[in-house]
Amino acid sequence: MKLVGLVLCIVLVVVGFNGRWSAEAATNCNPIQLSPCATAILSSTAPSEACCGKIKEQRPCLCNYIKNPRLQKFINTPNARKVAATCGTPFPTC
């Protein structure tokens, strides 16, 4: 499972951060910030406190991640929605 998380992190690094999105100027929108959630999203395990903190912190950025074809397959999934709900953070309607 560590390998899956590592692969997700590598994919996000390779995809790269395409700069800050204007609507989220106050939030550092960086999909790599969600790496603590990789195991929970990919394996349906319970999210950690670190994951929940990052989901809440990155919530203003989620619509941009969902719209990004390279990221949406990780972010716009039933498991990602479940993780957000478990963390008490409503998934955005984009």
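Two residues are said to be in contact, or to pack against each other, when they have heavy atoms within 4.5 Å. With that in hand, here are the close-up views of this predicted model.

**Figure 1. Helix α6 packs its buried residues against α2, α3 and α5.** Helix α6 spans residues 78-86, and its buried residues are A80, V83 and A84. These residues sit on the same side of α6, because they cover an arc of only 100° around the axis. An α-helix has 3.6 residues a turn, so residues three or four places apart point the same way. The partners of this buried side are α2 (38-43), α3 (49-58) and α5 (72-75). Turn to the face of α6 that points away from the buried side, and you will meet the exposed residues P78, A85 and T86. Just after the helix comes G88, whose phi is positive, at about 75°.

**Figure 2. A closer look at A84, a residue of helix α6.** Is A84 buried or exposed? A84 counts as buried because its relative accessibility is 1%, and buried means under 20%. Which residues does A84 touch once its neighbours within four places in sequence are set aside? They are I55, T89 and F91. R59 is another residue to find in this view: 25 residues separate it from A84 in sequence, while the two C-alpha atoms are 9.1 Å apart.

**Figure 3. The second largest cavity has a nonpolar lining.** The structure holds two cavities of 30 Å³ or more, and the second largest of them contains about 50 Å³ of space. Rolling a probe the size of a water molecule over the atoms shows where empty space is left. Around this cavity you can pick out L34, I41, I55, L62, I75, A80, A84 and F91. By class, that makes eight nonpolar residues, with no polar and no charged ones. Two names here are already familiar from helix α6, since A80 and A84 belong to its buried residues. I55 and F91 also return, as contacts of A84.

**Figure 4. N64 is a buried residue in helix α4.** This helix covers residues 62-67. N64 has a relative accessible area of 18%, and it therefore falls under the 20% limit for a buried residue. Where does C29 lie relative to N64? The two are 35 residues apart along the chain, and 9.0 Å separates their C-alpha atoms.

**Figure 5. S44 has a positive phi although it is not a glycine.** Its phi is about 65°. To find S44, follow the chain into the loop between α2 and α3. This residue counts as partly exposed, because its relative accessibility is 38%.

**Figure 6. Stepping back, the whole protein chain shows six helices and zero strands.** Reading along the sequence gives the pattern α-α-α-α-α-α. How many of the 94 residues are buried? The share is 39%. Among contacts with a separation of 6 or more, 66% link residues that are 24 or more positions apart. The chain exposes about 5,400 Å² in total, and carbon and sulfur atoms supply 59% of that area.

Conventions: Residues numbered from 1 in each chain as written. Predicted model: local features only at pLDDT ≥ 70, side-chain atom pairs only at ≥ 80, totals over all residues. Heavy atoms only, no water. Helix = DSSP H or I, 4+ residues; strand = E, 2+ residues; numbered from the N terminus. Buried < 20%, exposed > 50% of the residue type's maximum accessible area, 1.4 Å probe, protein only. Areas by Shrake-Rupley, 256 points an atom, 1.4 Å probe, with all protein chains shown as cover. 1 Å grid on protein atoms, 1.4 Å probe; cavity = no way out; pocket = protein on both sides within 12 Å on 5 of 7 lines; lining within 4 Å. Points joined across faces, edges and corners; volume = space filled by probe spheres on them. Nonpolar A, V, L, I, M, F, W, Y, C, P; charged D, E, K, R; others polar. Arc of directions from axis to C-beta.
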